[in-house]
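The following exercises ask the reader to examine a protein chain step by step. Each task is followed by a worked solution.

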Amino acid sequence: MKISRRSVAAVGVFVLLGIVVALGHWRETQTPPPVHPAEKAVLVHVTNAGDRGPGTLREALFVVATAVGQSSISIEVPKISLESALPAFVNAHGLRLLGQSSGVQIDAQALGAGPVFDISGPNTSIDGITISNCPGAGILVRSVRFHLSASTIASCDVGVEVADNATDTLLERNYFLKDRLGVRFGATGHNSAVANNEFTEDKDAGLWAVRGVPDSNGDAIGIHDNKFTADGIGIVAGNIAVLVERNNFIAAREADVHVVGAGAVIRGNRIKGGASMGIVTENARGAIIEGNELDGLAAYGVMVRGSSNTLVRANRLHNCGFGIAFVLGDSHGVSTAADNTIIEPKFNGIDVIGDSPILRHNEVLRAHAYALHVEDFQTADGQKIHSQPFLDDNSFGNGAVTAGTATVAAQSNSH
């Protein structure tokens, strides 16, 4: 049988196409994959104490900014005096700054209002550094997973400024001395904690966590096992959820803890001495003050003012000027004091002024004035706000109880 020329041509084209495909496949198997820069750890040594030039901290920050792997900077000089702002910490793979010399100091006196360290990259840690004399912030945190440890920030406007967008911030075993604010949070910051630090003589506050409206983030900043000594106020919390536990407060000038707005739990702290109040809630909502020990305060141990649904429970107060006060509370969100023990207040054990809280199972022993003092409040225009607390099974020992013109609803109270 004869095969036409057209059929032969078609078969030839088919075979040729097969050969082209086979050659293409072979070529692909022989071509190496595209080359990407391999991640490589970088260690930069700071051996020059100058503001700029080879071996300086400024040069090291430029080197690690372009590194393609996790980087470290080792400062091996005792002191660096900055003359101008440093570049930001921007390594995307993570950066560790470590002070090798005992007491490595960064003197920022010559800087303007900007931060000394601007943390803009994730997974940054700083260990063993002293930052002092900064007109602005010692450290500005505006990224995720920042860790500061074993460092000192002294005589700065703000020691550590944590911006709204920062999360997973951990500050531990640091010393904040004579700053205006030791630490300031602009928002809750998911999974953030301040633990085992010391705050001493910070002018306005050791820790400031305040925003204008309640933070919708459900997390709370964990503030625990810190020591606050002779600060203006130890902690100011306003509309940012905080869990304040197992801290020591000593001799604050205005208050040890001041709560405004929503989201505060103050539990298991030790508050001692000073001319100030201990724990103050002002226009607070849903605050919990529980299991704290307060002694030697010249003013009130706990002051609940203009607040609603605040629970004051199982606190122990002794040798304070006054015990607990409820002033001008919200009648639609009644606050409660339960199971508190107040021993030997220099004046009154419990004051109720223009408020109607629930007082249940509290004990006042050896009050020097009144165990319970209740009175109405008169505004500047002559309006009277009545006090009508509800009393249930309290023990006032032999202390006097006075209600003035106020009304007291009592059940099973021991006097």
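**Exercise 1. Identify the salt bridges formed by Arg 270 in this predicted model, and locate the residues involved.**

Solution.

Step 1. Glu 293 and Arg 270 form a salt bridge in which the closest N and O atoms are 3.9 Å apart. Glu 293 belongs to strand β29 (residues 293-295) and Arg 270 to strand β26 (residues 270-272), so that the pair links distant parts of the chain, 23 residues apart.

Step 2. The cut-off for a salt bridge is a nitrogen within 4 Å of a carboxyl oxygen. The value of 3.9 Å for Glu 293 and Arg 270 therefore qualifies.

Step 3. Arg 270 also meets the side chain of Asp 295 in a salt bridge, with 2.2 Å from N to O. Here too distant parts of the chain are linked, since Asp 295 lies in strand β29 and Arg 270 in strand β26, 25 residues apart.

Step 4. Accessibility is considered next. Arg 270 has a relative accessibility of 28% and therefore counts as partly exposed. Asp 295, at 7%, counts as buried.

**Exercise 2. Determine which parts of the chain are tied together by the salt bridge of Glu 290 and Arg 267, and state whether each residue is buried or partly exposed.**

Solution.

Step 1. A search of the whole structure yields 20 salt bridges. In one of them, the side chains of Glu 290 and Arg 267 meet at 3.0 Å, N to O.

Step 2. Because Glu 290 lies in strand β28 (residues 288-290) and Arg 267 in strand β25, the pair ties together parts that are 23 residues apart in sequence.

Step 3. The limit for a buried residue is under 20% relative accessible area. Glu 290 has 15% and is therefore buried, whereas Arg 267 has 29% and is partly exposed.

Step 4. Both residues also belong to a network of salt bridges that links Asp 225, Glu 245, Arg 246, Arg 267, Glu 290 and Arg 313.

**Exercise 3. Describe how strand β22 and strand β12 pair with other strands.**

Solution.

Step 1. Strand β22 (residues 242-245) is joined by four bridges to strand β19 (residues 221-224), and the two run parallel. In this pairing, His 224 stands opposite Glu 245 of β22.

Step 2. Four bridges also join β22 to strand β25 (residues 264-267), again in parallel. Leu 243 has Val 265 in β25 as its bridge partner.

Step 3. Strand β12 (residues 158-162) pairs with strand β9 (residues 137-141) in the parallel sense over four bridges. Leu 140 stands opposite Glu 161 in β12.

Step 4. Strand β12 pairs in the parallel sense with strand β15 (residues 181-185) as well, over four bridges. The bridge partner of Val 162 in β15 is Phe 185.

Step 5. The cover of β12 completes the description: five of its five residues are buried.

**Exercise 4. Explain why the rings of Phe 176 and Phe 199 are classed as stacked, and repeat the reasoning for Phe 228 and Phe 249.**

Solution.

Step 1. Six aromatic pairs are found in a search of the whole structure. For Phe 176 and Phe 199, the ring centres are 4.9 Å apart and the planes stand at 10°, so the pair is stacked. The cut-off behind this step is that planes under 30 degrees apart count as stacked.

Step 2. Phe 176 lies in strand β14 (residues 175-177) and Phe 199 in strand β17 (residues 198-200), so the pair ties together parts that are 23 residues apart in sequence. Both of these residues, Phe 176 and Phe 199, are buried.

Step 3. The rings of Phe 228 and Phe 249 have centres 4.8 Å apart and planes at 10°, so this pair is stacked too. Distant parts of the chain are linked: Phe 228 is in strand β20 (residues 227-229) and Phe 249 in strand β23 (residues 248-250), 21 residues apart.

Step 4. Phe 228 is buried at 1% relative accessibility, and Phe 249 is buried at 0%.

Step 5. Ring pairs join Phe 176, Phe 199, Phe 228 and Phe 249 into a cluster.

**Exercise 5. Locate the disulfide and describe its geometry.**

Solution.

Step 1. The search of the whole structure finds one disulfide. Cys 134 is joined to Cys 156, with an S to S distance of 1.8 Å.

Step 2. The link of Cys 134 and Cys 156 is right-handed, with 90° about the S-S bond.

Step 3. Cys 134 sits in the loop between β8 (129-132) and β9, and Cys 156 in the loop between β11 (152-154) and β12; the two are 22 residues apart. Both Cys 134 and Cys 156 are buried.

Definitions and conventions: Residues are numbered from 1 along each chain as its sequence is written. This is a predicted model: local features need pLDDT of at least 70, side-chain atom pairs count only at pLDDT 80 or more; totals for chains, interfaces and linings use all residues. Side-chain values use heavy atoms; hydrogens and water are left out. Two strands pair if DSSP finds at least two bridges between them. Buried means under 20% relative accessible area, exposed over 50%, partly exposed in between (1.4 Å probe, protein chains only). Rings of Phe, Tyr and Trp (its six-membered ring) pair if their centres lie within 6.5 Å; planes under 30 degrees apart count as stacked, over 60 as edge-to-face and the rest as tilted. A disulfide is a pair of cysteine sulfur atoms within 2.5 Å.
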